[in-house]
Amino acid sequence: MPAHIKIIHAHEFIKVTPDGQLDIVESKKLLLEIALFAGPVNDHEIVLDTRKMHSVLTKTELWYLAKELSKFHNRFNHKIAVICPVERFDYAGFFSICSGNNGFRIKAFTSLGEAMEWFIEEPTLSEQLKLISKELPQL
């Protein structure tokens, strides 16, 4: 079971311009702060809560955020749950797939309860191997 859970709301890691476009410069800064918080010695599982987000990011913007997040994948040793409303589940799932392809243990959910159940599950063999490979020196 996770020792600690940190809930991060959308406004803490996604910034948009007044016309609703992704402000990538500010969002990158916020992602860096989250990565520093979630450092490898930190024992927090992370919930990215997007349920109250007013803007809807395009799949291109979500891919770009996942790409930026991938720069910090060695800092995240724990699971990341993305919580979203049902009507945006496809977008959260897309972001999770993009991030997962970059080495994260990340999954989309429509409720916090589902995410909590996932957090307490034992890691699969595949997940255990990914964790071990993060700890090995890069050649």
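**Helix packing and internal cavities**

In this predicted model, helix H2 (residues 59-70) packs against helix H3 (residues 89-100) at an angle of about 35°, and the two axes sit 9 Å apart. The crossing of this pair, H2 and H3, comes out right-handed. On the H2 side, the residues that make the contact are Lys59, Leu62, Trp63, Leu65, Ala66 and Leu69, and they meet Tyr91, Phe94, Phe95, Cys98 and Ser99 in H3. Sorted by class, the contact of H2 with H3 is made up of nine nonpolar residues, plus one polar and one charged. The charged one is Lys59 and the polar one is Ser99, going by the residues listed and their classes.

Now for the empty space inside. A probe the size of a water molecule, rolled over the atoms, shows where such space is left. Here, the structure holds four cavities of 30 Å³ or more, and the largest of them has a volume of about 170 Å³. Its lining counts 15 residues, and the closest to the cavity centre are Ile14, Thr50, Met53, Leu62 and Ala92. As for elements, H2 and H3 are the ones that give two or more residues to this lining, with H3 giving the most, at three residues. The class make-up of the lining is twelve nonpolar, two polar and one charged.

The two parts of the picture share a residue: Leu62 belongs to the H2 side of the helix contact, and Leu62 is also among the residues closest to the centre of the largest cavity.

Note on methods: Residues numbered from 1 in each chain as written. Predicted model: local features only at pLDDT ≥ 70, side-chain atom pairs only at ≥ 80, totals over all residues. Heavy atoms only, no water. Axes fitted to C-alpha atoms, helices over the stretch in contact; angles between N-to-C directions. Helix = DSSP H or I, 4+ residues; strand = E, 2+ residues; numbered from the N terminus. Left-handed = near helix turned anticlockwise from the far one by under 90°. Contact = heavy atoms within 4.5 Å. 1 Å grid on protein atoms, 1.4 Å probe; cavity = no way out; pocket = protein on both sides within 12 Å on 5 of 7 lines; lining within 4 Å. Points joined across faces, edges and corners; volume = space filled by probe spheres on them.
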